[in-house]
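Please walk through the structure below, beginning with one position and its surroundings and ending with the chain as a whole.

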Amino acid sequence: MGFLLALLVGLVVVGAALALLWWIVQWVVILAVAALGVLLSVAAVVLGAVAVGCGLIYVTTWLGLSSWLGDAHPVLVLLGTVTVGTLLCAALAWGVHALWSRWSRDR
């Protein structure tokens, strides 16, 4: 009878330990997914800001070159806008990347 009681108590303890372990694993997974969601949201906001910034750069470059070049051929203005706008967007993206790298390293 003592053996059966010890076996029953052992099974209850092991079952409780497995249930607790499963509960901990579930919460770790939930928190990891939530953290990943927050990280992806922040990345989406940063990329959205860079995209908006690039859009503004292209529009202002187009307007600036259009007024500066006057009656130049539209293809020339388009090529200038693509060239200058791309360089400025690359500089913006590089600056955001440098700030992000510094922030994540200092954290």
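Gly-85 is found in helix H2. The coordinates come from a predicted model, and everything that follows is computed from that model. With a relative accessible area of 0%, Gly-85 is classed as buried, because the limit for a buried residue is under 20%. Leaving aside residues up to four places away in sequence, Gly-85 touches Ile-57, Tyr-58, Thr-61 and Gly-80. For one of these partners, Ile-57, the separation along the sequence is 28 residues, while the C-alpha atoms of Gly-85 and Ile-57 are 6.0 Å apart in space.

Thr-81 belongs to helix H2 as well, and this helix covers residues 74–106. Its relative accessibility is 5%, so Thr-81 counts as buried. With residues up to four places away in sequence again left out, the contacts of Thr-81 are Tyr-58, Thr-61, Trp-62, Leu-65 and Thr-86. Tyr-58 and Thr-61 therefore appear in the contact list of Thr-81 and in that of Gly-85, a contact being heavy atoms within 4.5 Å.

Leu-87 is also placed in helix H2, but what is its accessibility class? The relative accessible area of Leu-87 is 59%, so this residue is exposed, the limit for that class being over 50%. Between Leu-87 and Ser-67, which lie 20 residues apart along the chain, the C-alpha separation is 20 Å.

The next stop is helix H1, which runs over residues 2–69 and contains Val-14. Val-14 is partly exposed, at 46% relative accessibility. Together with Leu-18, Leu-21, Trp-22, Val-25, Val-29 and Val-33, Val-14 forms a nonpolar patch on the surface. The accessible area of these residues together is about 680 Å².

Helix H1 also holds Trp-23 and Trp-27, which are 4 residues apart, or about one turn of the helix. How many aromatic pairs does a search of the whole structure find? The search returns 1 aromatic pair. In that pair, the ring centres of Trp-23 and Trp-27 are 6.4 Å apart and the ring planes meet at 65°, so the geometry is edge-to-face. The distance of the centres and the angle of the planes are what describe a pair of aromatic rings. Both of the criteria can be checked: centres have to lie within 6.5 Å for a pair, and planes over 60 degrees apart count as edge-to-face. Trp-23 is partly exposed at a relative accessible area of 48%, and Trp-27 is partly exposed at 41%.

The remaining values describe the whole chain. It has 2 helices and 0 strands. The C-alpha trace spans about 105 × 30 × 15 Å along its principal axes. The radius of gyration is 29 Å, whereas a compact globule of 107 residues would have one near 13 Å. Of the 107 residues in the chain, 10% are buried, Gly-85 and Thr-81 among them. The chain exposes about 8,500 Å², and 82% of this area is supplied by carbon and sulfur atoms. Among contacts with a separation of 6 or more, 58% are between residues 24 or more positions apart. The contact of Gly-85 with Ile-57 is one at a separation of 28 residues.

Technical notes. Residues are numbered from 1 along each chain as its sequence is written. This is a predicted model: local features need pLDDT of at least 70, side-chain atom pairs count only at pLDDT 80 or more; totals for chains, interfaces and linings use all residues. Side-chain values use heavy atoms; hydrogens and water are left out. Patches are made of residues with over 30% relative accessible area and no salt bridge: like charges are joined within 9 Å, nonpolar side chains (Val, Leu, Ile, Met, Phe, Trp, Tyr) within 5 Å. Accessible areas come from the Shrake-Rupley method with a 1.4 Å probe; for residues, only the protein chains shown count as cover. A salt bridge is a side-chain nitrogen of Lys or Arg within 4 Å of a carboxyl oxygen of Asp or Glu. Buried means under 20% relative accessible area, exposed over 50%, partly exposed in between (1.4 Å probe, protein chains only). The radius of gyration is taken over C-alpha atoms; the globule rule is 2.2 Å times the number of residues to the power 0.38. Rings of Phe, Tyr and Trp (its six-membered ring) pair if their centres lie within 6.5 Å; planes under 30 degrees apart count as stacked, over 60 as edge-to-face and the rest as tilted.
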